[in-house]
Amino acid sequence: AAAEARAEGAAGTSAAAAAAAAGATAVPPAGAVVADESGVRLVTEVSDDQPLETFAALLKHGQADKAFQGMQRVIRQLVEGSIGPRQFPRAVQAVAALRQAAVQQARPAAFNAYLDQLRDVFKPNPAKRAFWQQLMEQQLGPISDSEVPGAGLTHAAAEQYVQQHGAEQQEAPEPAMAAPTAVVEEDDEFAGMD
């Protein structure tokens, strides 16, 4: 058994020497080490398949900027790539995690600006509007001074934002209902021309 252990150690040493000779670098890229059921791995960015876990790992290892940028990218990808509302719940969970981290890391301005970007892109888009509505239903609005001093937004203003932008969502379909009425009236005009 001792001979086998020496042989394995020698094989490992020769493999390391071969890697060094091939020009491999021993310094891993900046990231976070994560251990889960699939083993130990290096996390270098927020992943599409495990955004919550990789985001948390990067935050834990002091890589907040990389974590925030990566989570913002993944949220947009989830919503934009979603077939119907299928990926919206995952994106909403990601926004909730991003918001919570922004409160903990005292980054309200960055989160609030990103929330406005999401509103501007997805609220007017009929195919993605349900995502925005889910955010407002879950009270994932802007961060206020009551959560992070100096956020620049009162608690009342943050609540008003959620009510206003959530309520506008429900009003949007009404103008679309008026359009078929006009088409029907045109059809009636042509019917009399026979």
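Let's start with one residue, R99, which is buried, with a relative accessible area of 12%. In this predicted model, the side chain of R99 meets that of E147 in a salt bridge, with 2.8 Å from N to O. R99 sits in helix α4 and E147 in the loop between α6 and α7 (155–171), so the pair ties together parts that are 48 residues apart in sequence. The two partners differ in their surroundings: E147 is partly exposed at 34% relative accessibility, whereas R99 falls under the 20% limit for buried residues.

With that pair in view, let's step back to the whole chain. Its secondary structure comes to eight helices and two strands. Reading from the N terminus, the order is α-β-β-α-α-α-α-α-α-α. Of the 194 residues, 31% count as buried. The accessible surface comes to about 11,600 Å², and carbon and sulfur atoms contribute 56% of that surface. If you consider the contacts with a separation of 6 or more, 56% of them join residues 24 or more positions apart.

How far can you trust each part? The mean pLDDT of the chain is 78, with 65% of the residues reaching 70 or more. Helix α4 (residues 88–104), the home of R99, has the highest mean pLDDT among the elements, at 98, and helix α1 (residues 2–21) has the lowest, at 41. Over residues 1–28 the pLDDT is below 50, and this stretch has two contacts in the model beyond near neighbours in sequence. Residues 168–187 also have a pLDDT below 50, with eight contacts beyond near neighbours in sequence.

Now let's follow the chain to helix α2 (residues 51–60). Here P51, T54, F55, A57, L58 and L59 are buried. After α2 comes G62, which has a positive phi, near 75°.

Helix α3 (residues 64–81) is the place of V74. V74 has a relative accessible area of 1%, so it counts as buried. What is V74 in contact with, leaving aside its neighbours within four places in sequence? The partners are V46, S47, D48 and P51, and P51 is one of the buried residues of α2. In addition, the C-alpha atoms of V74 and A91 are 8.0 Å apart, although 17 residues separate the two along the chain.

Helix α3 also holds a charged pair. Side chains of opposite charge can pair when their charged atoms come close. R76 and E80 form such a salt bridge, at 3.1 Å from N to O. Because R76 and E80 are four residues apart in helix α3, about one helical turn separates them. An α-helix has 3.6 residues a turn, so residues three or four places apart point the same way. R76 is partly exposed, at 28% relative accessible area, and E80 is partly exposed too, at 43%.

The count of salt bridges comes to six. Another of them joins the side chains of D120 and R119, at 3.0 Å from N to O. R119 is buried, with a relative accessible area of 18%. Salt bridges with shared partners join D116, R119 and D120 into one network.

Our last stop is K123, in the loop between α5 (108–122) and α6 (129–137). K123 is buried, with a relative accessible area of 10%. Where does the side chain of K123 reach? Its target is the backbone oxygen of H165, at 3.3 Å.

Terms used. Residues are numbered from 1 along each chain as its sequence is written. This is a predicted model: local features need pLDDT of at least 70, side-chain atom pairs count only at pLDDT 80 or more; totals for chains, interfaces and linings use all residues. Side-chain values use heavy atoms; hydrogens and water are left out. Buried means under 20% relative accessible area, exposed over 50%, partly exposed in between (1.4 Å probe, protein chains only). A polar contact is a pair of N or O atoms within 3.5 Å; within protein, one must be able to donate a hydrogen and the other to accept it, and residues adjacent in sequence count only if both atoms are side-chain atoms. pLDDT is the predictor's confidence in each residue, from 0 to 100. Contact means heavy atoms within 4.5 Å. Accessible areas come from the Shrake-Rupley method with a 1.4 Å probe; for residues, only the protein chains shown count as cover. A salt bridge is a side-chain nitrogen of Lys or Arg within 4 Å of a carboxyl oxygen of Asp or Glu.
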